[in-house]
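Here is a short dialogue for someone opening this structure for the opening look. It goes from confidence to the ligand.

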Amino acid sequence: MTSEASDRGFGIVGAGVIAAMHAAAIATLPSARLAAVTDVAAGAAAAFAAARGCAAEPGLDALLARPDVDVVCVCVPSGLHAEVGVRAAMAGKHLVVEKPIDVTLAAADRLIEAARTAGVALTVISQHRFDPGLIELKRLLGDGALGRLVLAEASTKWYRTQAYYDSAEWRGTWAMDGGSLMNQGIHYVDLLRWCMGPVTEVTAVCATQAHQVEVEDTAMAIVRFGSGAVGTILSSTAAYPGFPQRLEVTGTDGTVIVEDGRIVRRAFGPQDGASEAEGSARTGALGGHGAAADPAAIEVASHAAQIADLLAAIEEGRAPAVDGQAGRDALEIVRAVYTSARTGAPVRLTGP
Ligand SMILES: NC(=O)c1ccc[n+]([C@@H]2O[C@H](COP(=O)([O-])OP(=O)(O)OC[C@H]3O[C@@H](n4cnc5c(N)ncnc54)[C@H](O)[C@@H]3O)[C@@H](O)[C@H]2O)c1
């Protein structure tokens, strides 16, 4: 570990699409600097390092042996997150693990336990929790502005080409990736769970219709929350040309609708019919995320905010805002959707 607690060195494992986002996010943070990168494809690590002025290490052990690496960003295929993360935790490194935490609950549990045993901080990326609309929605929920929650919908109607799935061996496989819900939809599954509380029951159907892949490209589920509220989850990579990710939360006193991290509609108080549409956001004046059709088109600010939260958590000795359990909670819902779709029966979730 470096001697200056406020200056943290980062190592990135896996130099692919999302690693560029981690490097860009680290570059925006004054107390963070990128020290090294590694990848099983040595050429990928070398090119990544050359473009960013950091070291390219020949393997994970070499990266973990570096005293100037305090935090490891795990940016490898999803089914390798726990394997890489456990080794990094055992080397005493704090962890930024990309979503999903891994693809099985057993792997997630191994990673959470390794971080706990090693006494290192673990955050699982769910960058949209740091989007302005979600911060505002959580504030409204905390204030009780929506009354008692009754209904919520999380929708990811995106489009991915066959070429996207063919671009790497791991994409679209059960062992390393999972389907549309595990890869793309999980962002808004996490937001749904974060806003609505624990899910107790899931009933789902999945289908593979527009791609040559073993996993689903469309998933739909009905969920019950512990609070008594109900909701739906929809995720697809077959929805051409791709639409904004959407979260709708309805309580007895109103509704808030978020699209791509911005509130586009809020309506409070059925008694007075008050309604405020945020026209500028609706017309796109506030901008938005372009990931609906392009996997690389995501914005850096929310990743940077989540990594900054991890650094603050380390300094303050508290858990990060999105910890390992939060990553596991989202994964548990995704796994329940897959089990229900396979068996045709509702799945009860036991919760933490
Ligand atoms: N938060 C987001 O919005 C977001 C967006 C895209 C991807 N992701 C997540 O990031 C992860 C990576 O996705 P990607 O699109 O960057 O994939 P990618 O295929 O572009 O990159 C993965 C890289 O990891 C390397 N790799 C594979 N096994 C390795 C190992 N054992 N050690 C070191 N390197 C290894 C590969 O050679 C490749 O360069 C996935 O879990 C994905 O779900 C998150």
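Q: What is the mean pLDDT of the protein?
A: pLDDT is the predictor's confidence in each residue, from 0 to 100. Here the protein has a mean of 92, and 92% of its residues reach 70 or more. Residues 1-5 have pLDDT below 50, with 11 contacts (heavy atoms within 4.5 Å) beyond near neighbours in sequence. Where pLDDT is low, the predicted coordinates should not be read in detail. This is a predicted model, in which local features need pLDDT of at least 70, side-chain atom pairs count only at 80 or more, and totals for chains, interfaces and linings use all residues. Residues are numbered from 1 along each chain as written, and side-chain values use heavy atoms, without hydrogens and water.

Q: Which residues are closest to the ligand?
A: A residue is near a molecule if one of its heavy atoms lies within 4 Å of it. The ligand is surrounded by 24 residues, and the closest are I18, D39, S78, H81 and K99.

Q: Which polar atom lies 2.6 Å from an oxygen atom of the ligand?
A: A polar contact is a pair of N or O atoms within 3.5 Å. A side-chain atom of D39 is the partner at 2.6 Å. A backbone atom of K99 is 2.9 Å from a ligand oxygen, and a side-chain atom of H187 lies 3.3 Å from one.

Methods:
Polar contact = N/O pair within 3.5 Å; in protein donor to acceptor, adjacent residues only side chain to side chain.
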